[in-house]
Amino acid sequence: MKKKIIVTGGAGFIGSSLIDKLLSKNIYKIYCIDNLSTGRLEFLADALKNKNFKFINDDLSSINKSINYFKNTEIIFHLAALADVKKSYQQREKHYENNIKITQNIIELAIKNKIKRIFFSSTASVYGNTKNIPTKENDNFPIQNSFYAAAKLSSEALLTALGESHNIKISILRLVSVMGPRYTHGHLIDFYKKLSKNKKKLYVLGNGLQKKSYIHIDDIISGFIIILKKQKKQIEIFNIGTDEKKNVKNSVQMITKYLNVKPQIMYENKKTGWIGDIPNIQVDCKKLKNIGWKAKYTINESIISTLNWIDKNKKILK
Ligand SMILES: NC(=O)c1ccc[n+]([C@@H]2O[C@H](COP(=O)([O-])OP(=O)(O)OC[C@H]3O[C@@H](n4cnc5c(N)ncnc54)[C@H](O)[C@@H]3O)[C@@H](O)[C@H]2O)c1
């Protein structure tokens, strides 16, 4: 009998890539639950042809707890979320519904259906403006500066409490910004869209000196798979990022070179691009490396891979 896995948010950028990887192993039956708010069925085109895959269009923020498709599930990869730091300070209730409330709903369904294990995709943004760079999982960090990160940290807390109280194995993954095929949101797509409309001028949020770490989607997926196999403790938090950082100006240079355009670039005179922007992010990944993980892509390779994908999938820009 194949192990049953549920992937929430499986029609999204990361979820659909994870589903393809899990299906390729031919040992799992995968159920994807997604309300298609930001996800796309076309990312599941291959999965939908696979007899070990089932797509369920449902909204996890208002899910009926007596639904039966969670029955006999062993593992949940909980990735569904509203993944938008920039809008989170305006859309506070929407962020609560789609980040905290859905996690609580998953917890209730997990208890009811005796689920054994939950993975949760959190964010390196929970570290806020920490001075400990690269940041370790157990470093102290200051207050939260976005509703998005606050909601992620709240979900982490709820899930670790579940791990303690109900003997459910919990894996929390704090990801830096992810790039690569199926990338649908983030600064590269913003720049690409702006430059497609106007090649002569590019407005950049912030002074361009924000230093960020980015990671390729394949490296994220290999992180999930290694943790699936090798996590020993009941509750663990893992960072996933690269040992590099890149400032926004460098990304702008790469994209203008890629598109062969020479716009006048207008930066703002402030360190952050939006409320909740963190001008210096890098995580320490020794913990994950110690169980055998290694990033294969440099940031430059991730940027080029993303731009190639956007270029071939321009309809995504609409
Ligand atoms: N992409 C990144 O750079 C990044 C970085 C850190 C953490 N994360 C986290 O990883 C996860 C996946 O991110 P992504 O980049 O694939 O985002 P995404 O927007 O592509 O995917 C999120 C998916 O969740 C679904 N969804 C949202 N609300 C839902 C609801 N109420 N019910 C059912 N489905 C719902 C969306 O339709 C979408 O398919 C998110 O939890 C995000 O916060 C992403």
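How many bridges pair β5 with strand β6, and in which sense do the two strands pair? The close-ups below come from a predicted model, and the first one gives the answer.

**View 1. Strands β5 and β6 pair side by side in the parallel sense.** Seven bridges link β5 to strand β6, which spans residues 169-175. To find one of them, look for F120: its bridge partner in β6 is I172. Now follow the chain through helix α4 (residues 147-166): β5, this helix and β6 together form a right-handed β-α-β unit.

**View 2. Strand β5 also pairs with strand β4.** Here β4 covers residues 75-78, and four bridges join it to β5, with the two strands running parallel. A good place to start is I75, which stands opposite R117 in β5. While you are here, check the surroundings of β5 (residues 117-123): six of its seven residues are buried, so the strand is mostly covered.

**View 3. Strand β1 is joined to β4 by four bridges.** The strands β1 and β4 run parallel. Try spotting I6, which stands opposite I76 in β4. Why is β1 (residues 3-8) largely enclosed by the rest of the structure? Because five of its six residues are buried.

**View 4. Strands β1 and β2 belong to a right-handed β-α-β unit.** The helix in this unit is α1, made of residues 13-24. Six bridges pair β1 with strand β2 (residues 28-34) in the parallel sense. One pair to look for is T8 and its bridge partner in β2, I33.

Note on methods
Residues are numbered from 1 along each chain as its sequence is written. This is a predicted model: local features need pLDDT of at least 70, side-chain atom pairs count only at pLDDT 80 or more; totals for chains, interfaces and linings use all residues. A residue is buried if 20 or more other C-beta atoms lie within 10 Å of its own, exposed if 12 or fewer, and partly exposed in between; C-beta atoms are placed from the backbone. Two strands pair if DSSP finds at least two bridges between them. A crossover is right-handed if, with the strands pointing away from the viewer, the path from the first strand over the helix to the second runs clockwise.
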